[in-house]
Amino acid sequence: MADWWDADGRRHRKQFANAAAAREHEHRETALAHADRAAREMKLAARTSGVTSSGKKRSSAKADTGTIEPAKGKLGVMIPGMGAVATTFVAGVEAIRRGLAKPIGSLTQMGTVRLGKRTDGRSPKVKEFVPLAGLDDLVFTGWDIFEDNMYEAASNAGVLDYRLLEQLKPFLSSVKPRAAVFDHNYVKKIDGPNVKKGKTKMDLAEQLRDDIRDFRKTSGASRLVTMWCGSTESYIEPSAAHQSVKSFEKAMRENDELIAPSMIYAYASLMEGVPFANGAPNLTVDLPVMLELSRRNEAPICGKDFKTGQTLMKTVLAPAFKARLLGLSGWYSTNILGNRDGEVLDDPGSFKTKEESKLGVLEHILQPALYPELYGNMYHKVRINYYPPRGDNKEGWDNIDIFGWLGYPMQIKVDFLCRDSILAAPIVLDLVLFLDLAKRSSQLRGLGVQEWLSFYFKSPMTVPGLYPEHDLFIQSMKLKNTLRHLKGEDLITHLGLEYYD
Ligand SMILES: NC(=O)c1ccc[n+]([C@@H]2O[C@H](COP(=O)([O-])OP(=O)(O)OC[C@H]3O[C@@H](n4cnc5c(N)ncnc54)[C@H](O)[C@@H]3O)[C@@H](O)[C@H]2O)c1
């Protein structure tokens, strides 16, 4: 018996004659996955460039970019998990609306997108280029196991300065948590009183659907988005119960333990036609049942796990090593953090979920099967240590052992003293606005997984059968090219031959 890893980084166990046979099998599978992916990308490129896959020019040179409905009315943001990230996001939006602060870190608010040639001088702001909801149109609700309103929860989280929170107090106090769907078995380190009761998981889903309808009515929102900012749940493998809507509903009625609370929120949202983004590493919407529901109800989905601190750095540095063909013998990453997220991750079950999400990154970027001499023997370790004195101000250390010309070793040390929720809040804002855009786009709303939003995730969801793109700059190009495509603009390839004409 030996293990092999497929192009998505999944481990398989199979009988092989020897280790070399296992490796050969892995290489062949990876090559097949790459070929499959290349064929899909060619088809997509043909669709967007007006050339058919057989190479013939389509009669109309302009790609069909579909239609985008205008962002009219209010956009309701529903957040399961009103902790540090959620409150930093909502308080931040209100502070920005009042002119008290700037939306630093948000692509939708501060970013631009280049259009046409470098010589054209056209670089509109993203929010002026595609029709996004304005910050003034956002309204909020949430669920939590604690009864604290957003002002109390933000004060407890200790991320934002109390002088800012005092100015926002009336607004933040008005956002009160609805009773949560929660089960201590999936998040071992916390428990709280504000929890729904129901005989079966299906009953609980029905109660969440009532909450969604109630919020739609009382807030007057014309559109809704759900954003999971709840704690990381224990590790669960996809199983038969998750394979179809039918099996999932049966499992909910039977209170199957493989149905975690976050999945019940996802089911309720998608049944109501509401897009769902997952900021934690739990499977949640990364399951066949959710893809089926998402497509059927035209409710876009994306995830998993916000890409904020250490992994952000990893997906910037690793592509540089690979681009320059520098080898990697080891990458040791450790963190100390003292917020509630850190406490939850102190439990081995929740840590395992996070670890899986963090570990896939290097394998996918460096492709050891393609570059065995450079990355075939790399050792990758990730640790998270709960250390209360630091609160939300995490410290992430990386020790990176690389090697260059003739195999000579070198080291890089990264010490990122970051603020977790300050990095996560603009991601939440962008995801809310882009998922709402996807829902209004005739081209995107029926796709299910919104892979163009990989930019924001540690463990990006993809179309089934594809391996994820982790390289931050590929992700950024993919996102901006999707926006260009939606607006019928030329995609930017950086070929640059046109400048020699
Ligand atoms: N901050 C970051 O940089 C970052 C990065 C990536 C992922 N994340 C993930 O985002 C999530 C939120 O992070 P945080 O720092 O705000 O954590 P937090 O502990 O401050 O907040 C999570 C909240 O979720 C609530 N909760 C747990 N289960 C729930 C349920 N079933 N229903 C409703 N509420 C529930 C908890 O009571 C808590 O208030 C975590 O899963 C974390 O791993 C955070």
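Before you click anything, one term: a residue is buried when its relative accessible area is under 20%, exposed when over 50%, and partly exposed in between (1.4 Å probe, protein chains only). Try it on Tyr-375, which is buried with a relative accessible area of 1%.

What you have open is a predicted model, in which local features need pLDDT of at least 70 and side-chain atom pairs count only at pLDDT 80 or more, while totals for chains, interfaces and linings use all residues. Residues are numbered from 1 along each chain as its sequence is written, and side-chain values use heavy atoms, with hydrogens and water left out.

**Stop 1: rings**

Stay with Tyr-375 and add Tyr-371, which is partly exposed at 26% relative accessibility. Rings of Phe, Tyr and Trp (its six-membered ring) pair if their centres lie within 6.5 Å; planes under 30 degrees apart are stacked, over 60 edge-to-face, and the rest tilted. By this rule there are nine aromatic pairs. Tyr-371 and Tyr-375 have ring centres 6.1 Å apart and planes at 75 degrees, so they are an edge-to-face pair.

Next, select Phe-434 and Trp-452, another edge-to-face pair, with 5.3 Å centre to centre and 65 degrees between the planes. Phe-434 belongs to helix H15 and Trp-452 to the loop between H15 and H16, so this pair ties together parts 18 residues apart in sequence. Are Phe-434 and Trp-452 buried or exposed? Both Phe-434 and Trp-452 are buried. About those labels: helices (H or I, at least four residues) and strands (E, at least two) are DSSP runs, numbered from the N terminus.

For one more set of rings, pick Phe-89, Phe-140 and Phe-171, which form one aromatic cluster.

**Stop 2: charges over rings**

Here a charge sits over a ring if NZ of Lys or CZ of Arg is within 6 Å of the ring centre and within 35 degrees of the ring normal. Select Lys-352 and Tyr-235: the charged end of Lys-352 sits over the Tyr-235 ring, 4.7 Å from its centre. Then try Lys-487, which lies over the face of Phe-129 at 5.9 Å from the ring centre.

**Stop 3: salt bridges**

A salt bridge is a side-chain nitrogen of Lys or Arg within 4 Å of a carboxyl oxygen of Asp or Glu. How many salt bridges does a search of the whole structure find? It finds 20.

Start with Glu-489 and Arg-122, whose side chains meet in a salt bridge (2.7 Å, N to O). This pair links distant parts of the chain, 367 residues apart: Glu-489 is in the segment after helix H16 (472–486), and Arg-122 is in the loop between helix H3 (107–110) and helix H4 (126–129). Glu-489 is partly exposed at 22%, and Arg-122 is partly exposed at 35%.

Now go to Asp-305 and Lys-458, a salt bridge whose closest N and O atoms are 3.8 Å apart. Asp-305 sits in the loop between E8 and helix H11 (310–323), Lys-458 in the loop between helix H15 (420–440) and H16, and the two are 153 residues apart. Asp-305 is buried, with a relative accessible area of 1%, and Lys-458 is buried at 5%.

For a third bridge, select Asp-420 and Lys-394, with closest N and O atoms 3.3 Å apart. Asp-420 lies in helix H15 and Lys-394 in the loop between strand E10 (379–386) and strand E11 (395–403), so the pair ties together parts 26 residues apart in sequence. Asp-420 counts as buried at 9%, and Lys-394 at 10%. Then highlight Arg-209, Asp-210, Arg-213 and Glu-272: salt bridges that share partners join them into one network.

**Stop 4: helix H10 and a serine**

Select residues 288–296, helix H10, where Val-289, Met-290, Leu-291, Leu-293 and Ser-294 are buried. What do the buried residues of H10 pack against? They pack against helix H8 (245–253), helix H9 (261–271) and strand E8 (301–302). Just after H10, look for Glu-298, which takes a positive phi of about 50 degrees.

Finish at Ser-234, in the loop between strand E6 (221–228) and H8. Ser-234 counts as buried, at 15% relative accessibility. Contact means heavy atoms within 4.5 Å. Leaving aside neighbours within four places in sequence, Ser-234 is in contact with Asn-185, Tyr-186, Asp-347, Gly-349, Ser-350 and Thr-353.
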